[in-house]
Each structure stands twice: as structure tokens, then as C-alpha cells.
Amino acid sequence: MSDFRAGFVALLGPPNAGKSSLLNTLLGQKLAIVSSKPQTTRSRILGILPREGAQILFLDTPGKHKGDKKLNNALNAVVDQVSRDSEVALLLVDRVVGWTEIHQELAEALTKLRRPTIVVGTKSDIRRAAESAWPIPEAPSDWQQLAVSAKSEEGLEPLLQAIVEQLPPSPPLFGEDELTDRPMRWLCAEMIREALFDLLDQELPYSMAVEVLRYDESSKRAVKIGANLLVARDSQKRIVVGKGGSMIKKIGIRSRKAIEEWVGHQVHLELFVKVDPTWLKSPRRIEELGYH
Ligand SMILES: Nc1nc2c(ncn2[C@@H]2O[C@H](COP(=O)(O)OP(=O)(O)OP(=O)(O)O)[C@@H](O)[C@H]2O)c(=O)[nH]1
Ligand SMILES: [Mg+2]
């Protein structure tokens with residue numbers, strides 16, 4: 001056991017860099033929700049990967065971004081905290097987009113923290129990505145760079161080896177069968193949020209939150225779940241409910257299927273749309289909803 005290694009590995013980068021997709025692929029299981037819209041992830045998400053002789057504790061983070069709203073502040077605070085708490089950092093660069101101002105900021109912060117950092121070029125399966133300059137010229141020259149694709153799974157094994165080399169000697173920090181520290185209620189809320197990103201127009205999911213109020217496994221037939229979908233305004237409620245309830249029905253079906261797949265059991269899901277103009281403005285409420 002003495003040469004066992006374990007530690008926290010931060011997944012950092014701007015919105016849409018592919019952090020959550022990479023986490024899911026590395027774990028071989030969906031833990032973090034993914035969408036083509038930026039700023040999908042709102043929380044620090046722990047994903048535990050056992051390896052021969054090592055335990056890698058990935059921390060997915062919200063995309064670092066600019067903006068001065070209360071939610072942006074809370075999300076950027078998560079990024080800063082995870083940067084400080086981790087032993088190794090992965091700085092993800094979407095190879096189609098390249099190095100940005102946000103990468104520069106994150107790189108400077110990581111240098112100050114003296115955090116061992118690996119630059120990870122993502123989405124290498126896309127032709128325009130594969131044709132982009134490599135290694136990324138703007139990244140600090142003493143940092144290792146590795147290209148991966150969460151889709152084709154290329155480059156994952158070398159990345160895992162490089163991470164393990166940087167981990168400190170430590171006994172395992174979590175139990176062997178554990179996947180995450182997030183409770184079931186939170187995972188359900190996230191699955192519902194993913195359906196919102198899939199089905200609703202560009203801006204709306206950003207002003208919405210999901211709160212699972214009931215998670216009841218006492219019935220043999222189905223897990224009973226009740227959740228509130230919070231919107232900021234009446235006009236948004238009308239869109240989420242849809243004509244004759246058509247949209248909320250779609251959201252319900254899509255979320256239920258995702259949750260059933262996850263829990264491996266039949267699910268009875270009840271959704272309520274609730275106007276709550278305050279949640280986006282209250283740091284306490286943002287934390288209560290699990291966005292930390
Ligand atoms: N082709 C391709 N697309 C990818 C890959 N990885 C991620 N994507 C796509 O890129 C988009 C963003 O992926 P996410 O994993 O949600 O990105 P993220 O960095 O977690 O984004 P935020 O949570 O918003 O910060 C999604 O549409 C993904 O399907 C990849 O390896 N190849
Ligand atoms: Mg994400």
C-alpha cells in the first residue's frame with residue numbers, strides 16, 4: 001500500500017471546453033450533465049476513478065467566465081476554491097477555439113499557486129481541432145500538453161498516466177465503490193436541468209433552477225420524485241409549461257427517462273413550475289440549491 005497514490009485533480013477551463021464530457025468519459029459513467037450551451041455546470045462535482053495503485057479524485061467545475069451577477073460570482077468562487085484544493089490541475093483548451101483570455105487568467109492563478117498543471121487539448125476528433133497549432137503555443141512552455149477526445153476516447157490513457165505521476169503518495173481517500181459525494185436528489189435535479197438545456201431556448205435555462213423536494217423509495221413499484229422548476233418571471237413560466245402543458249410534459253418524459261436509466265428502476269416524476277424572482281439574487285438560495 002505504501003506506494004499508493006491519491007489526490008484531487010481539478011478540471012478547469014472556460015465554458016464549453018469539454019470538462020464535463022471528459023469527466024464522464026474517464027469515469028465510464030455519466031455523472032455530470034453536458035450541453036452544447038456554455039455555462040451548463042453550476043457545481044463542484046467529485047468523480048472518483050479507481051486505478052491500479054491509485055485513486056484519482058476528479059473535480060469538475062463551472063466554466064470560468066466573466067460577468068458580475070450573483071450566480072456568476074458563486075460559480076467563479078467554486079473555480080477558485082477547487083484550484084486551491086486540488087493537487088493537480090488540468091487546464092482544458094477546446095482545440096477548435098484555442099487559447100483565450102480566460103486560459104491566461106487561470107494559468108496565472110495556477111502558476112501563483114505552484115500547482116502542477118497539464119494542458120489538455122479537447123475535441124481532437126473534430127477536423128478543425130486536429131488541424132490547429134499543437135502544442136498550443138501560448139501555454140506556459142514548462143507545462144506538459146496532451147491532446148484528447150471525449151468522443152473518440154483518443155489520448156485518455158496517456159492522460160491518466162500523466163495524472164497519476166503527479167499525484168502525491170496517499171492511501172485511498174474514498175471507499176472502493178464510491179463514485180461521487182453528491183446525493184441522489186442533487187443528481188436528479190441535474191438530470192432535469194439537462195432536459196431544460198435540451199428543450200428550452202438559449203437564454204431560459206440560465207435563469208432556471210431545479211429543486212428536488214421529494215425522493216421517496218418506499219414503494220416497490222417506482223421511486224417517487226417531486227421537483228420544483230424555478231423560473232424568474234410569469235412569462236417564463238408560460239413558456240416552460242407550454243401550450244396546454246405540452247412543454248412541461250416533454251421535459252417530464254425526457255427527465256424521467258434519464259433518471260430511470262441512472263437508478264435502474266421505474267420512476268414516477270412530478271414537476272411543478274414555480275415563479276421565484278429571488279433565487280438568482282440570493283447567495284444563500286444559490287447555495288441551498290446546490291450550486292457550490
Ligand atoms: N466532438 C466533440 N465534442 C465534444 C467533446 N467533448 C465535449 N464536446 C461537446 O462540447 C460541448 C460542451 O461540452 P461540456 O462537456 O458540457 O463542456 P463543459 O466544459 O463542461 O461546459 P460548462 O459546464 O458549460 O462549463 C457539448 O456539446 C459536448 O458534446 C469531444 O471530445 N468531441
Ligand atoms: Mg460542464
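Ala54, Ile56, Phe58 and Asp60 point to one side of strand E3, Gln55, Leu57 and Leu59 point to the other, and every one of these residues is buried. That is the picture in this predicted model, and it's a handy place to start. E3 covers residues 54-60, and with seven of its seven residues buried, the strand is largely enclosed by the rest of the structure. Put in terms of the cut-off, each of them has 20 or more other C-beta atoms within 10 Å of its own.

What sits alongside E3? Strand E1, residues 5-12, runs parallel to E3 and is joined to it by seven bridges. Within that pairing, Val9 has Phe58 of E3 as its bridge partner. Strand E2, residues 45-51, also pairs with E3 over seven bridges, but in the antiparallel sense. Here Leu46 is matched with Leu59 of E3. E2 and E3 make up a hairpin, with just two residues between them. Gly53 lies in that turn and has a positive phi of about 80°.

Val9 turns up again in the nonpolar core. In soluble globular proteins, nonpolar side chains tend to end up buried together. The largest such core in this model holds 69 residues, and those touching the most other members are Val9, Leu11, Leu12, Leu90, Leu91, Leu92 and Leu229. Helix H6 (residues 184-199) supplies the largest share of this core, at seven residues. The core also draws on both domains, taking at least three residues from each of domain 1 (5-166) and domain 2 (184-288).

Leu12 is worth a look for its own contacts. Leaving aside residues up to four places away in sequence, Leu12 touches Thr61, Lys64, Val79, Ser83, Ala89, Leu90, Leu91, Leu92 and Leu106. Leu90, Leu91 and Leu92 are, like Leu12, among the core residues that touch the most other members.

Zooming out, the protein has nine helices and nine strands. Its radius of gyration comes to 20 Å, close to the 19 Å from the globule rule for 292 residues, so the protein is as compact as a globular protein of that length. Along the principal axes, the C-alpha atoms fill a box of roughly 60 × 40 × 40 Å. Of the 292 residues, 37% are buried. As for the contacts with a separation of 6 or more, 69% of them involve residues 24 or more positions apart.

Methods:
Residues are numbered from 1 along each chain as its sequence is written. Chains are lettered from A and ligands numbered from 1 in the order in which they are written. This is a predicted model: local features need pLDDT of at least 70, side-chain atom pairs count only at pLDDT 80 or more; totals for chains, interfaces and linings use all residues. A residue is buried if 20 or more other C-beta atoms lie within 10 Å of its own, exposed if 12 or fewer, and partly exposed in between; C-beta atoms are placed from the backbone. Helices (H or I, at least four residues) and strands (E, at least two) are DSSP runs, numbered from the N terminus. Two strands pair if DSSP finds at least two bridges between them. A nonpolar core is a set of buried Ala, Val, Leu, Ile, Met, Phe, Trp, Tyr and Cys residues joined through C-beta atoms within 7 Å. Domain bounds come from an automatic or database domain assignment. Two residues are in contact if their C-beta atoms, placed from the backbone, lie within 7 Å. The radius of gyration is taken over C-alpha atoms; the globule rule is 2.2 Å times the number of residues to the power 0.38.
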